Amino acid sequence: MSRSWSPRRRPRYVAPPRSLWRRLVDNGLAVIILGLLILLAARLDRVETRKTQGAAIVNDGDSITLGTERIRMRGIDAPEYTQTCRKNGADYSCGTLARQSLVRLIAGKPVSCTGWQRDRYGRLLGDCTAGGKDLNRAQVEAGWAVAYGDFESEEAIARAGKAGIWAGTFDQPQNWRDSHHGEVVEKRHGTLASIGDAVREIFRFW
């Protein structure tokens, strides 16, 4: 007499029912996460590129005014208008020359600036062009502005060619401002600063 063999069935695992407290906690976390996502989405539309254009009033070597919009050119730092530098053993008004360089680059053409960040003084941090020319880059290439979070390779070429302020000696504009307490103090506009600004822009109205 043969006996048939059948495998033993393993008992099925049944998860114990969640307690009321656990269900409340899970549902509460889901609501919080959903709410944060909704708030984040609602604020992402505030991080948008702004564009302004028109005839420019040149304030100094890295800032202009277009209509009612004040623009601080992003990624560069020019000598302040009243700053002096030194060449051939004599001081000269490098801040005035930096402004004149920007005036020549614009050459009376309409200027267009785009950006989404603002500095602590409410100025738009802009990438500006005139007649198809990148003004931010051109100021560094001409040696009348230093790299300030961007354009490091252009600065290296200007320094090697002793262009503009690189023909003599000068205080970095940031250092000069630090020693002249009445002057505007700028912050470097690099990648980390941009990330921080993006976070602040998203959550600005919380």
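# Worked exercises on a predicted model

The side chains of R177 and D77 meet in a salt bridge, with 2.9 Å from N to O; a salt bridge here is a side-chain nitrogen of Lys or Arg within 4 Å of a carboxyl oxygen of Asp or Glu. This is a predicted model, in which local features need pLDDT of at least 70 and side-chain atom pairs count only at pLDDT 80 or more, while totals for chains, interfaces and linings use all residues. Residues are numbered from 1 along each chain as its sequence is written, and side-chain values use heavy atoms, with hydrogens and water left out.

## Exercise 1: the salt bridges of R177

Task: find where R177 and D77 lie in the chain, then state which network takes in R177.

Solution.

1. Place the partners: R177 is in helix α5 (residues 173–178) and D77 in strand β5, 100 residues apart, so the pair links distant parts of the chain. Helices (H or I, at least four residues) and strands (E, at least two) are DSSP runs, numbered from the N terminus.
2. Check the burial: both R177 and D77 are buried. Buried means under 20% relative accessible area, exposed over 50%, and partly exposed in between, with a 1.4 Å probe and protein chains only.
3. Look for another partner: R177 also forms a salt bridge with E80, at 2.7 Å from N to O. E80 sits in the loop between β5 and β6 (85–87), 97 residues from R177.
4. Attach the values: R177 has a relative accessible area of 1%, and E80 counts as buried at 9%.
5. Join the partners: salt bridges that share partners put D62, R72, D77, E80 and R177 into one network.

As background, side chains of opposite charge can pair when their charged atoms come close.

## Exercise 2: D127, R74 and S112

Task: describe the salt bridge of D127 with R74, and find which residues S112 contacts away from its sequence neighbours.

Solution.

1. Start with the count, which comes to twelve salt bridges.
2. In the bridge between D127 and R74, the closest N and O atoms are 2.9 Å apart.
3. D127 belongs to strand β9 (residues 124–130), and R74 to the loop between β4 (69–73) and β5 (76–77); the two are 53 residues apart.
4. Compare exposure: D127 is partly exposed at 30% relative accessible area, whereas R74 is buried at 17%.
5. Now turn to S112, in strand β8 (residues 111–118). S112 counts as buried because its relative accessibility is 14%.
6. Setting aside neighbours within four places in sequence, S112 is in contact (heavy atoms within 4.5 Å) with K51, T52, Q53, D127, C128 and T129. D127 thus appears in the contact list of S112 as well as in the bridge with R74.

## Exercise 3: rings and charges

Task: classify the ring pair of W166 and F170 as stacked, tilted or edge-to-face.

Solution.

1. Recall the rule: rings of Phe, Tyr and Trp (its six-membered ring) pair if their centres lie within 6.5 Å; planes under 30 degrees apart count as stacked, over 60 as edge-to-face and the rest as tilted.
2. Apply it: the count comes to one aromatic pair. The ring centres of W166 and F170 are 5.0 Å apart and the planes are at 80°, so the pair is edge-to-face.
3. Add burial: W166 is buried at 13% relative accessible area, and F170 is buried at 19%.
4. Look for charges: the charged end of R159 sits over the ring of W166, 4.9 Å from its centre. This applies if NZ of Lys or CZ of Arg is within 6 Å of the ring centre and within 35 degrees of the ring normal.
5. Elsewhere, K87 lies over the face of Y92, at 5.3 Å from the ring centre.

## Exercise 4: positive phi

Task: find where A107 and F151 lie, and state whether each is buried, partly exposed or exposed.

Solution.

1. Most residues other than glycine have a negative phi, and most peptide bonds are trans.
2. A107, not a glycine, has a positive phi of about 55°. A107 lies in the loop between α2 (94–106) and β8 and is partly exposed at 47% relative accessible area.
3. F151, also not a glycine, has a positive phi of about 60°. F151 lies in the loop between β11 (146–147) and α4 (152–160) and counts as buried at 4% relative accessibility.
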